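The following exercises concern salt bridges and the contact between chains. Each task is followed by a solution in steps.

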Amino acid sequence: MNVSYQWLKNYVDLHDISPQELAEKLTNSGIAVDVVEKVNVALDKVVVGYVLERERHPEADKLSICKVDVGEEDALQIICGASNVDKGQKVPVALVGAKLPDGTKIKKAKLRGVESIGMICSSSELGMNDKLLPKHKTEGILVLPEDSLIGSSIEPVLGFDDYVLELDLTPNRSDCLSMLGVAYEVAAILDRDVRIPENEIGDGVSNQHPVQIDIEAEQACKHYAARLIKNVQVMESPQWLQNRLIAAGIRPINNVVDITNFVMLEYGQPLHAFDYKKLDQPKIVVRLAKPEEKIVTLDDQERSLDDQMLLITDGVKPIAIAGVMGAANSEVTEQTTEILLESAYFDGFSVRRTSKKLGLRSEASLRFEKGVDPNRIYGALNRAAQLLKELAGGELVDVIVEDKKEVPSDTRILLRTSKVNEMLGTDLESEQIKSIMERLKFGIEEQDGEFNVVVPTRRQDISREIDLIEEVARLYGYDQIPATLPYGVYVQGGLTQKQKIRREIKNVLEGAGLQEVISYSFVSEKQLKTVKIEETDFRPITLSMPLSEERKYLRTSIIPNLLEVAQYNVNHNNPDIRIYELGTTFLSNEIHLTALPKEKMVIAGLITGALPTYWKKSNEAIDFYYVKGILENLLNELGINDAEYQPKVVEGFHPGRTAAISVEGEAIGILGQIHPEIQDRYDLTEAYAFEVDLTALWNQVNTEINYKTLPRYPAMQRDIAVVVDYDLEVDKLIRTIRTTGGEILENLQLFDVYVSEKLGLNKKSIAFSLTFRDQEKTLTDEEVTKVYNKILDALVTNYQAELRK
Amino acid sequence: MKEKLEQLQSLALQEVGQAQTMQEINEIKIKYLGKKGPLTEVLRGMGGLSAEERPIIGKLANDVRETIGKEIAEKEEVLKGKEMEQQLKAEQIDVTLPGKPSLKGNRHPLTKIIEQIEDVFIGMGFEIAEGPEVEADYYNFEALNLPKEHPARDMQDSFYITDEILMRTHTSPVQIRTMLNKNGEVPVKIICPGKVYRRDDDDATHSHQFIQIEGLVVDKGIKMSDLKGILLNFAREMYGEDTKIRLRPSFFPFTEPSAEVDVSCMMCGGDGCRVCKNTGWIEILGAGMVHPKVLENAGYDSEKYSGFAFGLGIDRIALIKYGIEDIRNLYTNDLKFLKQFKRV
Ligand SMILES: [Zn+2]
């Protein structure tokens with residue numbers, strides 16, 4: 001809502017408050033003012049001139065030589081290039097020395113040999129916004145009203161001496177979508193009176209009116225009132241009215257439309273004027289549209305309606321979409337002489353639904369949506385009738401005609417002083433609270449030491465005690481409320497176990513050199529299809545109205561996000577990438593969601609590129625085992641020592657270099673090299689990634705620390721090297737050794753994997769170092785040898801291993 | 001005998017004097033003092049001596065042994081020192097060569113700020129609550145006093161999946177879920193951090209996904225002044241002891257009275273600068289007293305209990321704190337960007 005400061009002065013005394021001060025006060029009490037701006041750039045030395053004579057320039061067809069009276073002794077000779085300049089016009093004249101908004105400085109000049117002293121200006125030369133002017137005013141020079149005072153500054157004539165306060169209204173304060181509403185607010189802040197516009201037209205309602213009104217859709221329309229006005233002369237509005245509309249950001253059209261807009265701005269009640277002669281019968285029927293019913297609106301668009309949209313009809317044809325836009329078939333034109341003026345109370349939800357569905361938002365629909373004051377229906381209607389009489393020569397036919405159902409009335413709310421203080425932490429007296437209610441012009445009814453507040457219908461945001469407490473708080477001043485700390489039982493704050501573990505996971509991965517990233521949950525189809533980790537049948541979740549194809553689906557894995565981050569970095573000169581993200585993935589097995597999907601918290605990592613350059617050469621490189629080491633270390637930190645890694649083919653991964661990770665039979669994630677094709681697609685070289693499902697991990701995490709006494713007896717070390725088939729998974733050997741070794745096998749360390757033709761075709765040698773210890777006694781050589789031989793036997797029997805000598 | 005011993009001694013000392021390496025010294029040691037050495041021989045041959053001569057020669061032999069031993073020991077010290085010196089010299093390295101790079105990643109700047117804020121509130125007795133990112137319309141809107149078709153829903157344009165399921169537009173639904181789980185018990189004292197989603201085209205200041213932290217306290221006798229006190233504490237922990245806060249009336253459907261909360265500008269201390277657009281204040285929070293309808297929806301008697309809630313955007317705080325010019329940088333994850341947030 002744009003509020004003209006000068007206009008507002010009509011309703012509330014502002015003689016001692018500047019527009020800037022007013023803006024600050026409004027903002028501090030809850031009506032945020034975004035900006036305070038002058039209506040137009042200040043114009044010095046631009047005055048009203050009167051064109052005494054106009055002659056064609058002897059040397060140039062398109063130029064006129066004008067004699068212009070600017071209120072000084074001598075008329076000025078001014079050359080003008082506009083074709084519409086004429087004798088007898090009042091025009092804006094920029095005098096010598098004036099500076100125009102575009103930077104032009106007016107000097108004495110000679111045009112084709114003829115002297116020109118000053119300049120007759122067009123609207124755009126004055127810095128006016130052409131979008132807010134009728135077309136004829138933007139072409140050529142601007143012609144001013146005949147009654148403008150010659151020689152006076154142009155500023156008051158065009159309303160340039162005004163300021164506009166741009167309100168950023170919260171949805172609850174629709175009452176401030178009207179000048180009167182803002183006036184009530186300002187009056188409450190300043191503790192002043194509100195002046196309602198005077199009107200000599202009474203509120204009389206007739207039953208014998210020539211027009212008949214019928215509300216058939218009571219749910220969507222509670223009150224429909226109208227007036228019939230004859231002998232209307234449609235023409236341009238007086239300048240003051242146009243100035244008001246322009247300040248509010250509305251383009252003047254003609255006096256009838258302008259008056260309805262003016263009254264809408266003043267009262268917050270949208271009005272609509274029908275050309276009465278275009279009605280098929282003297283009747284208004286308010287009904288719901290039929291399915292697929294068509295209407296051509298004022299903007300010449302054909303609209304297809306549904307059966308929940310409210311229509312205004314003349315009983316034969318629809319003539320408006322209620323509260324949203326009129327139909328072209330009943331539009332007021334220059335030929336219109338009889339007007340049926342509508343002032344109605346339409347249901348906000350209904351209007352909102354219709355305007356949203358049709359994508360048609362107007363100043364009127366905006367106000368209906370948020371709720372208008374049902375008690376301003378007559379006031380607005382009569383105010384407009386009065387103005388039509390004054391400014392369009394209209395004659396009122398009879399009084400108001402209407403169909404009225406039940407409309408909201410004033411509400412009574414008990415306001416307890418104790419509750420106010422309990423809620424705010426203040427120490428206010430009853431009288432202070434009452435005085436705030438009085439400033440708001442709310443009624444007060446005393447009742448056994450407490451009081452009821454009578455809230456007028458203009459404040460439909462107030463329906464219970466807490467709403468009144470808020471009024472007290474904001475008018476008393478939030479800055480007056482003290483700062484205290486909650487009084488009550490002390491509670492211990494803290495992280496839950498899972499939250500602690502999550503932070504620990506991050507610490508471990510960062511310790512291994514991985515950088516945390518945060519990416520978007522929405523992905524493209526391409527990304528979605530990059531990897532498929534989940535085995536069960538799930539369907540990707542699609543946004544119903546995505547912003548773009550790139551962000552259309554909910555991610556089912558974080559790995560595609562990490563690939564995207566890696567690609568970005570590779571292409572931005574960061575080739576060595578070690579990243580992780582802890583976040584949510586979304587899965588559902590429904591095509592059309594009826595329940596919330598499964599949200600999995602996962603930890604995913606990706607490593608590609610090289611290790612940091614070091615001048616001392618080492619043969620350490622990033623490969624599967626490098627990344628597996630990081631993951632093993634992470635799991636160990638979480639007390640998980642028995643994770644199993646089994647080869648697995650996973651979409652998006654290298655089929656020979658990928659493992660499924662499980663703990664005690666439960667799948668927790670995957671680890672592997674990204675499929676070379678996918679690597680290529682993301683501009684990557686060898687890249688390794690893992691994704692672990694934390695929801696599965698929680699069951700396995702063991703954070704308990706089991707202290708064991710340090711060993712008292714010595715350990716014995718034996719190495720064992722065996723030759724086995726190349727394809728044999730070493731994990732099998734390890735498991736066999738562990739089981740066979742039993743309790744005295746304290747530790748097993750794989751220290752060599754050797755492949756050579758010397759070992760035989762498709763053979764490899766695997767060497768372990770075994771540590772034996774008994775907690776109770778010193779082991780003898782014989783005891784260890786016995787176990788050692790058992791292990792060897794098991795390897796020979798199970799895997800046809802040969803001891804390597 | 002005596003001459004023989006003296007001769008032996010002078011010979012030995014001469015050899016010791018000439019020895020250059022530890023190995024030579026060791027050989028000398030064995031040669032003269034070893035089990036098969038001449039001294040042992042002398043002592044062995046003492047049987048043939050007279051009773052008078054025996055102690056004299058015995059003492060002399062011991063003296064010779066001691067003298068030689070002492071000389072050897074001294075020489076050993078000298079040679080060891082020399083050898084060590086040589087060894088150290090040989091082992092000298094260029095200490096100016098760079099060390100082996102060790103790898104260390106760090107938190108994303110948003111996580112750093114979340115954890116910092118979490119820790120501040122944990123210190124004030126809060127717990128951390130979490131909830132789903134895909135929410136039911138009921139929890140995201142209706143329970144929060146935002147019925148369908150409520151005009152205030154326009155404040156948060158949302159990503160729907162079905163008519164009833166959407167991406168949460170704030171973390172407030174976690175408040176509802178937490179209260180419902182508590183089954184009417186008090187106190188409730190939580191903060192809820194998490195990702196939220198709104199239909200905004202991404203640009204320098206807007207992101208369709210961002211991170212929010214909301215707080216909620218419900219108990220008997222919770223007042224708006226308590227909200228002010230807690231937020232003042234928070235602001236001081238985050239931005240320093242001298243930080244001030246300012247509450248301005250505002251509107252949120254789920255709180256009443258509602259407030260926008262400004263903190264005195266941490267860049268200029270309130271004198272006015274580019275960051276605070278010369279106002280001295282920076283808006284960081286929305287807050288208010290929990291609307292009685294919300295309490296009722298979550299199973300609390302609003303006559304008996306009251307509460308306050310607040311919410312802040314982490315991305316915005318990060319942008320201000322680090323002077324980051326574009327919110328998209330937080331989600332592009334350029335390593336050159338992320339690596340700058342290493343410090344504690
Ligand atoms: Zn500042």
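**Exercise 1. Characterise the salt bridge between B:Glu130 and A:Arg502.**

Step 1. In this predicted model, the closest N and O atoms of B:Glu130 and A:Arg502 are 2.3 Å apart. The cut-off for a salt bridge is 4 Å, so the pair qualifies.

Step 2. B:Glu130 is located in the loop between strand S1 (127–128) and strand S2 (134–136) of chain B, while A:Arg502 belongs to helix H14 (residues 497–511) of chain A; the pair therefore joins two chains.

Step 3. The relative accessible area of B:Glu130 is 41%, which makes this residue partly exposed. A:Arg502, at 15% relative accessibility, counts as buried, because the limit for that class is under 20%.

**Exercise 2. Determine which elements are linked by the salt bridge of B:Glu115 with A:Arg503, and classify the burial of both residues.**

Step 1. The closest N and O atoms of B:Glu115 and A:Arg503 lie 3.9 Å apart.

Step 2. Helix H5 (residues 109–123) of chain B holds B:Glu115 and helix H14 of chain A holds A:Arg503, so this pair joins two chains.

Step 3. B:Glu115 and A:Arg503 are both buried.

**Exercise 3. Describe the salt bridge between the side chains of B:Glu142 and B:Lys148.**

Step 1. The N to O distance between B:Glu142 and B:Lys148 is 3.6 Å.

Step 2. B:Glu142 has 30% relative accessibility and counts as partly exposed. B:Lys148, with a relative accessible area of 34%, is also partly exposed.

Step 3. Elsewhere, salt bridges with shared partners connect A:Arg173, A:Asp175, A:Glu185, A:Arg459, A:Asp461, A:Glu471 and A:Arg474 into one network.

**Exercise 4. Quantify the interface of chain A and chain B, and state how many salt bridges cross it.**

Step 1. Chain A contributes 97 residues to the contact and chain B contributes 91 residues. The area buried between the two chains is about 7800 Å², with 57% coming from carbon and sulfur atoms.

Step 2. On the side of chain A, the most area is lost to chain B by A:Tyr478, A:Ile518 and A:Tyr520, which together account for 10% of what that side buries.

Step 3. The rule finds 9 salt bridges across this interface, and the search of the whole structure gives 64 over all chains. One that crosses the interface pairs B:Lys195 with A:Glu581, with closest N and O atoms 3.8 Å apart.

Step 4. There are also 41 residue pairs in polar contact across the interface. Strand S28 (residues 577–587) of chain A gives the most to the side that touches chain B, with 8 residues. By residue class, that side of chain A comprises 41 nonpolar, 30 polar and 26 charged residues.

Methods: Residues numbered from 1 in each chain as written. Chains lettered and ligands numbered in written order. Predicted model: local features only at pLDDT ≥ 70, side-chain atom pairs only at ≥ 80, totals over all residues. Heavy atoms only, no water. Contact = heavy atoms within 4.5 Å. Buried area = accessible area lost by both parts, 1.4 Å probe. Polar contact = N/O pair within 3.5 Å; in protein donor to acceptor, adjacent residues only side chain to side chain. Helix = DSSP H or I, 4+ residues; strand = E, 2+ residues; numbered from the N terminus. Nonpolar A, V, L, I, M, F, W, Y, C, P; charged D, E, K, R; others polar. Buried < 20%, exposed > 50% of the residue type's maximum accessible area, 1.4 Å probe, protein only.
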